[in-house]
Amino acid sequence: MIIKSKNYEDRARKILANNIVYFRIKKNWSQEDFAEELGTTTTYVSNLENARRNARIDYIGHIADTLGISLEQLFIERNIVENHRIPRR
């Protein structure tokens with residue numbers, strides 16, 4: 001299912017959130033692992049992944065770098081990813 005919304009800000013936040021989950025799971029990282037790599041808290045990661053928090057534009061670049069992807073990949077509309085919890089190693 002593709003995310004559809006008339007509110008562009010909400011739609012962009014949901015696309016970003018979905019892609020963060022997508023690439024984090026692809027790397028087999030838990031939210032804790034990802035937060036550690038980013039240098040932030042699991043609460044912040046959870047808020048990003050659940051589209052409850054906006055990320056600063058410069059921080060979005062940091063997220064892409066941390067995930068090892070291009071910035072553009074964070075804004076490709078994909079099927080919704082279930083927010084799986086990867087067990088902490």
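This report walks through the predicted model of a small set of helices, with helix H4 at the centre of the story.

## The overall picture

Let's start with the whole chain. The protein has four helices and zero strands, and along the sequence these follow the pattern α-α-α-α. Of its 89 residues, 40% are buried. If you take the contacts with a separation of 6 or more, 68% of them join residues 24 or more positions apart.

## Helix H4 and its two sides

Now look at helix H4, which covers residues 57-67. Its buried residues are Tyr59, Ile60, Ile63, Ala64, Thr66 and Leu67. Viewed down the axis of H4, these buried residues fall within an arc of 165°, so they line one face of the helix. Asp58 and Asp65 are exposed on the other side of H4.

What do the buried residues of H4 pack against? Their partners are helix H1 (8-26), H2 and helix H3 (42-49).

Gly61 also sits in helix H4. With a relative accessibility of 21%, Gly61 counts as partly exposed, because the cut-off for buried is under 20%. The C-alpha atom of Gly61 is separated by 9.7 Å from that of Glu72, eleven residues apart along the chain. Just after H4 comes Gly68, with a positive phi of about 75°.

## Where H2 meets H4

Helix H2 (residues 31-38) packs against H4 at an angle of about 115°, and the two axes are 10 Å apart. H2 passes H4 in a right-handed crossing. On the H2 side, Phe34, Glu37 and Leu38 make the contact, while H4 brings Tyr59, His62, Ile63, Thr66 and Leu67. Sorted by class, this contact of H2 with H4 has five nonpolar, two polar and one charged residues.

Phe34 deserves a second look. Leaving aside its neighbours within four places in sequence, Phe34 is in contact with Ile20, Arg24, Trp29, Val45, Glu49, Ile63, Thr66 and Leu67.

## The nonpolar core

In soluble globular proteins, nonpolar side chains tend to be buried together. Here, the largest nonpolar core has 18 residues, and Ile20, Phe34, Ile63, Leu67 and Leu74 touch the most other members. H1, H2, H3 and H4 each supply at least two residues of this core. Which helix gives the largest share of this core? That is H4, with five residues.

## Some residues worth finding

Try finding Asn28 and Ala51 in the structure. Each has a positive phi in a residue other than glycine: near 60° for Asn28 and near 55° for Ala51. The table sets out where they lie, together with Asn47 from helix H3.

| Residue | Place | Relative accessibility | Class |
|---|---|---|---|
| Asn28 | loop between H1 and H2 | 44% | partly exposed |
| Asn47 | helix H3 | 18% | buried |
| Ala51 | loop between H3 and H4 | 15% | buried |

Is Asn47 buried or exposed? Asn47 is buried, because its relative accessibility is 18% and buried means under 20%. Not counting residues up to four places away in sequence, Asn47 touches Arg52 and Arg53.

## Putting it together

To recap, H4 turns one face of buried residues towards H1, H2 and H3, and H4 supplies five residues to the largest nonpolar core. Ile63 and Leu67 take part in the contact with H2, and both are also among the core residues that touch the most other members.

How values were computed:
Residues numbered from 1 in each chain as written. Predicted model: local features only at pLDDT ≥ 70, side-chain atom pairs only at ≥ 80, totals over all residues. Heavy atoms only, no water. Axes fitted to C-alpha atoms, helices over the stretch in contact; angles between N-to-C directions. Left-handed = near helix turned anticlockwise from the far one by under 90°. Contact = heavy atoms within 4.5 Å. Nonpolar A, V, L, I, M, F, W, Y, C, P; charged D, E, K, R; others polar. Buried < 20%, exposed > 50% of the residue type's maximum accessible area, 1.4 Å probe, protein only. Arc of directions from axis to C-beta. Core = buried A, V, L, I, M, F, W, Y, C linked by side-chain atoms within 4.5 Å.
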